[in-house]
Amino acid sequence: MVAPPDNDVLWARALHVKHNGSPALTGVSLGVREGEILAVGGPRGSGKTTLLQCLSGQLQAQQGEVWFNSTPVHTMGPLTRERLRRDRFAWIDPAPVLVPELNAWENAALPLMLRGVSRRRAKTAALEWLDRLDIGGCARKRPYALLHAERQRVAIARALAPAPTVLFADEPTAPLHRADRAHVLRTLTTAARSHGITVVLATHDADTAALADRTVSLLDGRRVNTVHLPPVADGAEGRAACSLSV
Ligand SMILES: Nc1ncnc2c1ncn2[C@@H]1O[C@H](COP(=O)(O)OP(=O)(O)OP(=O)(O)O)[C@@H](O)[C@H]1O
């Protein structure tokens, strides 16, 4: 077992995954630099979600390795992987899954409280994030009283509030309208950059991928190419330098 390069926060080597016998990933390798926003592109069914699940320790590949900060994730037991996901990672699904019995701020504060942060501090952080995502006015509403797009913003606030080391976002703006999508994505990427959060973003939308530092593309479970985006003209987004580590 060879350790990954030091400057990769995440590193995967030769991942092979089959779902019920049919291949979802076939020998996918990649490295993700610290603070980088990496888009994983590709058409529906190309393996994006499966790759994010492997990188985040939700799914163990049948073959291959995943490393987080030079620690092997593929050899961790389920409890250690659970703790890693709770303390260092955050996840945004394409559709918002909230706890129906909790209001918006309580949902957004939940991961912080699971990490042992006091209710008062967790509430302050949750309210700040709800405000930044323009849904501060919904803080006391239960999920049933929110629009689908508002629920997704709560899910995004919940992911950002604990300032995770790595944020996995699987089509995070899928339920939003086009105008909403741009605003939420900018908030997400700006927050990630200012807090040094590494983001792995699955998307099949070119506009979404354009906000990333780099895109890797999948087709039928294989990596097909890598697109290096040109630097941003005004430097406002502060794109980090990045390179392939495959
Ligand atoms: N739980 C599962 N059981 C069986 N097959 C699955 C399962 N999850 C994914 N697959 C299959 O594995 C392949 C890769 O799926 P995956 O969801 O990773 O792709 P994707 O690029 O994220 O697609 P989408 O954009 O539709 O979410 C597809 O052929 C899919 O049908």
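# How the helix, the strands and the core are judged

Me: What makes helix α1 count as mostly covered in this predicted model?
Reply: Of the eight residues of α1, six are buried, and that is the ground for calling the helix mostly covered. The buried ones are Lys48, Thr50, Leu51, Gln53, Cys54 and Leu55. A residue earns the word buried when 20 or more other C-beta atoms lie within 10 Å of its own, so each of these six meets that cut-off.

Me: How do you know that α1 packs on a sheet, and which strands does α1 touch?
Reply: The sheet in question is open, has four strands in the order β2-β1-β4-β5, and is paired in the antiparallel sense. Its edge strands are β2 (22-33) and β5 (71-72), each of which pairs on one side only. Helix α1 touches β1 (8-19), β2 and β4 of this sheet, and the direction of α1 makes about 125° with that of β1. Touching here rests on contact, which requires C-beta atoms within 7 Å. Just after α1 comes glycine 57, with a positive phi of about 75°.

Me: Why do β4 and β5 count as a pair of strands?
Reply: Two strands pair if at least two bridges are found between them, and β4 (residues 63-68) and β5 are joined over two bridges in the antiparallel sense, so the requirement is met. In one of these places, tryptophan 67 has proline 72 of β5 as its bridge partner.

Me: What makes strand β7 largely enclosed?
Reply: Five of the five residues of β7 (residues 166-170) are buried, so the strand is largely enclosed by the rest of the structure. Both faces are covered, with Val166, Phe168 and Asp170 buried on one side and Leu167 and Ala169 buried on the other.

Me: How do you know that β7 pairs with β6 and with β8?
Reply: Four bridges join β6 (residues 89-92) to β7, and these two strands run parallel; phenylalanine 89 stands opposite valine 166 in β7. Strand β8 (residues 198-202) pairs with β7 over five bridges, also in the parallel sense, and there aspartate 170 has alanine 202 as its bridge partner. Since a pair needs at least two bridges, both cases qualify.

Me: Why is glycine 196 called exposed or buried?
Reply: Glycine 196, which lies in the loop between α6 (178-195) and β8, has 11 other C-beta atoms within 10 Å. The word exposed applies at 12 or fewer, so glycine 196 is exposed. Glycine 196 is 31 residues from threonine 165 in sequence, while their C-alpha atoms are 7.7 Å apart in space.

Me: What makes a group of residues the largest nonpolar core here, and which residues have the most contacts inside it?
Reply: Such a core is a set of buried nonpolar residues joined through C-beta atoms within 7 Å, and the largest one has 68 residues. Those with the most contacts inside it are Leu38, Ala108, Ala126, Leu130, Ala157 and Leu201. Leaving aside neighbours within four places in sequence, alanine 108 is in contact with Ala126, Trp129, Leu130, Val154, Ala157, Arg158 and Ala161.

Me: Which residues are closest to the ligand, and what makes the shell around the ligand count as nonpolar, polar or charged?
Reply: The ligand is surrounded by 13 residues, the closest being His19, Ala24, Lys48, Thr49 and Thr50. The shell divides into two nonpolar, nine polar and two charged residues, where Lys, for example, counts as charged and Ala as nonpolar. Helix α1 supplies the largest share of the shell, three residues.

Notes: Residues numbered from 1 in each chain as written. Predicted model: local features only at pLDDT ≥ 70, side-chain atom pairs only at ≥ 80, totals over all residues. Near = placed C-beta within 6 Å. Contact = placed C-beta atoms within 7 Å. Axes fitted to C-alpha atoms, helices over the stretch in contact; angles between N-to-C directions.
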